[in-house]
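Welcome! Take a moment to look over the sequence and the model, and then let us walk through a few of its features together.

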Amino acid sequence: MEIQPVTTVQAVSLAKLIRLLAITGKKAYHRYLYEPISYAGWEGPKQAWSSKKYMEKVKQDCQDLSRLNSIAPLCKRMVCQAMTENPSALGDSCLLFLEVIHREPIIAGSRESVEFVKIIQNPLKEFEEIHSNRSEKLFEQAVTDFTPEELVSAFKPVKLDTHKEKVYMDTEVHNLYQQVLSASKSGNLQRCKKLLSAFILKYRDSDTYSEEEVDQLIRALEKREAGFAEELLGSMAIDLYYQLTKAILEKNIKKSIASIRKYAHIFEGDPNTPYFLEIDKMERTLYKIISEKGLMDELKKSL
Amino acid sequence: MAQPILKISESKQGNVLVLALSGELDAKTAPDLRTHLDNSIQAGAIRVVLDCKSLTYVASAGIGTLNAVQKALVQKSGQMVLCHVAKDIKDTMDLMYFTKKVKVFPGLEEALQAF
């Protein structure tokens with residue numbers, strides 16, 4: 001049977017979930033990451049190298065095209081070894097494995113990568129579901145506990161002088177263009193994706209955001225690799241949802257609200273975007289509490 | 001759980017398409033409105049009034065949809081305007097910066113005069 005390679009969106013999403021798991025606590029980490037890998041028999045025997053050394057070797061081999069085929073088996077040994085060490089070694093190893101899967105299509109299509117994703121995918125999805133319900137409750141609690149002043153400050157945009165802001169944005173777009181050009185010349189479309197994603201997530205809700213220029217870059221890259229735009233949007237949605245849930249766990253309401261707004265600006269109500277309904281639920285909670293506290297007029301004054 | 005409801009009633013006032021919205025415009029209902037508006041635009045409508053008299057809630061997913069439609073209309077030298085927007089809904093639109101991109105009128109007559 002033909003092996004279906006791991007997709008970029010799968011790898012990015014699983015990596016975000018592992019990061020969330022890490023800040024959730026040891027018990028969840030053990031249940032949703034350690035146990036599934038252990039039950040799948042990916043544990044020990046203790047290897048000659050430490051997981052740290054394997055990580056260095058994987059990073060080194062990624063620079064050498066002739067060694068790409070040997071990286072996935074090496075990653076498997078790295079994860080098996082990390083299982084005999086400590087939770088942090090395991091997390092780092094899993095994240096590196098997912099990163100190289102994300103970066104190199106050859107690795108994404110290897111037997112070890114597909115098996116690895118198959119092992120961790122379902123437990124992490126289960127965690128995601130539980131976590132999502134918990135996040136909604138935590139979010140509601142955090143917004144309820146917020147003082148009116150804090151809530152107003154959460155909505156307050158950073159105002160620069162319009163001209164200065166425009167000049168700054170032009171410079172930033174120019175830098176982005178140069179960096180994307182250089183990455184695409186060397187065929188590194190993953191880097192292009194990262195650069196664009198970081199830029200859009202940072203500036204999309206700004207008044208002076210250079211929408212046309214950024215869209216042009218995306219269209220050009222889509223011509224080089226069909227599906228580029230869809231993958232970029234998918235990764236950004238996962239990234240934003242991760243930022244939002246992380247902010248909720250850290251009780252950082254300002255960041256939570258900013259993430260919701262960015263999500264709305266970027267995806268413009270596209271129902272195919274990952275986490276579309278989850279974000280909508282949290283937003284309803286937010287507006288309900290703002291309205292109950294009678295804060296809307298105060299918030300609008302801060303705009 | 002109750003099904004999300006957004007009722008869309010369509011009428012024509014000269015060359016202006018008037019859509020009266022009733023119910024909630026959120027992540028669950030926004031795709032229906034998007035489909036409706038996309039079909040209308042494809043059929044040639046470029047001047048649109050959204051009558052929000054009976055709209056009871058709007059979420060960013062709904063505003064995002066309206067934003068995308070407004071962009072498409074502007075590209076065709078058209079536009080979408082809103083009327084009868086309740087204070088709560090207008091407040092949310094203000095917070096999402098949507099009222100910077102679309103004109104809001106108190107009544108339908110004023111909205112029709114915008115074209």
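In which sense do strand E2 (residues 16-25) of chain B and strand E3 (residues 47-58) of chain B pair, and over how many bridges? In this predicted model, E2(B) and E3(B) pair in the parallel sense, over 8 bridges. One place to find this pairing is Leu17(B), which stands opposite Val48(B) in E3(B).

E3(B) also has a partner in strand E4 (residues 79-83) of chain B: the two run parallel and are joined by 5 bridges. Val48(B) appears again here, standing opposite Met80(B) in E4(B). The route from E3(B) to E4(B) passes through H2(B), and this β-α-β crossover is right-handed. A right-handed β-α-β unit is also made by E2(B), helix H1 (residues 30-42) of chain B and E3(B).

Here are the two pairings in one table.

| Strands | Sense | Bridges | Facing residues |
|---|---|---|---|
| E2(B) and E3(B) | parallel | 8 bridges | Leu17(B) and Val48(B) |
| E3(B) and E4(B) | parallel | 5 bridges | Val48(B) and Met80(B) |

Stepping back, chain B has 4 helices and 5 strands, and along the sequence they follow the pattern β-β-α-β-α-β-α-β-α. Of its 115 residues, 50% count as buried.

Now turn to chain A and its helix H5 (residues 87-103). With 17 residues at 1.5 Å a residue, H5(A) should span 24 Å, and its end C-alpha atoms are 24 Å apart, so the two values agree. Is H5(A) largely enclosed or not, and why? H5(A) is largely enclosed by the rest of the structure, because 12 of its 17 residues are buried. Among the buried residues are Leu90(A), Cys94(A), Phe97(A) and Ile101(A), and the buried set also includes Gly91(A), Ser93(A) and His102(A).

Finally, let us visit a pocket. The second largest pocket has a volume of about 680 Å³. Its lining has 26 residues, and those nearest the centre are Asp215(A), Ile218(A), Ala229(A), Leu233(A) and Ile266(A). Both chains take part: helix H11 (211-224), helix H12 (228-249) and helix H13 (253-267) of chain A, along with helix H2 (60-75) of chain B, each supply at least two lining residues. Which helix gives the largest share of the lining? That is H12(A), with 7 residues. By kind, the lining divides into 13 nonpolar, 3 polar and 10 charged residues.

H2(B) therefore links two parts of this tour, and a good way to finish is to find it in the model: H2(B) lies on the path from E3(B) to E4(B), and H2(B) supplies at least two residues of the pocket lining.

How values were computed. Residues are numbered from 1 along each chain as its sequence is written. Chains are lettered from A and ligands numbered from 1 in the order in which they are written. This is a predicted model: local features need pLDDT of at least 70, side-chain atom pairs count only at pLDDT 80 or more; totals for chains, interfaces and linings use all residues. Side-chain values use heavy atoms; hydrogens and water are left out. On a 1 Å grid over the protein atoms alone, a cavity is a set of points where a 1.4 Å probe fits but cannot get out, and a pocket is an open set with protein on both sides within 12 Å along at least five of seven lines; lining residues have an atom within 4 Å of a point. Grid points are joined across faces, edges and corners, and a volume is the space filled by probe spheres set on the points. Ala, Val, Leu, Ile, Met, Phe, Trp, Tyr, Cys and Pro count as nonpolar, Asp, Glu, Lys and Arg as charged, and the others, Gly among them, as polar. Two strands pair if DSSP finds at least two bridges between them. A crossover is right-handed if, with the strands pointing away from the viewer, the path from the first strand over the helix to the second runs clockwise. The expected span of a helix is 1.5 Å times one less than its number of residues. Buried means under 20% relative accessible area, exposed over 50%, partly exposed in between (1.4 Å probe, protein chains only).
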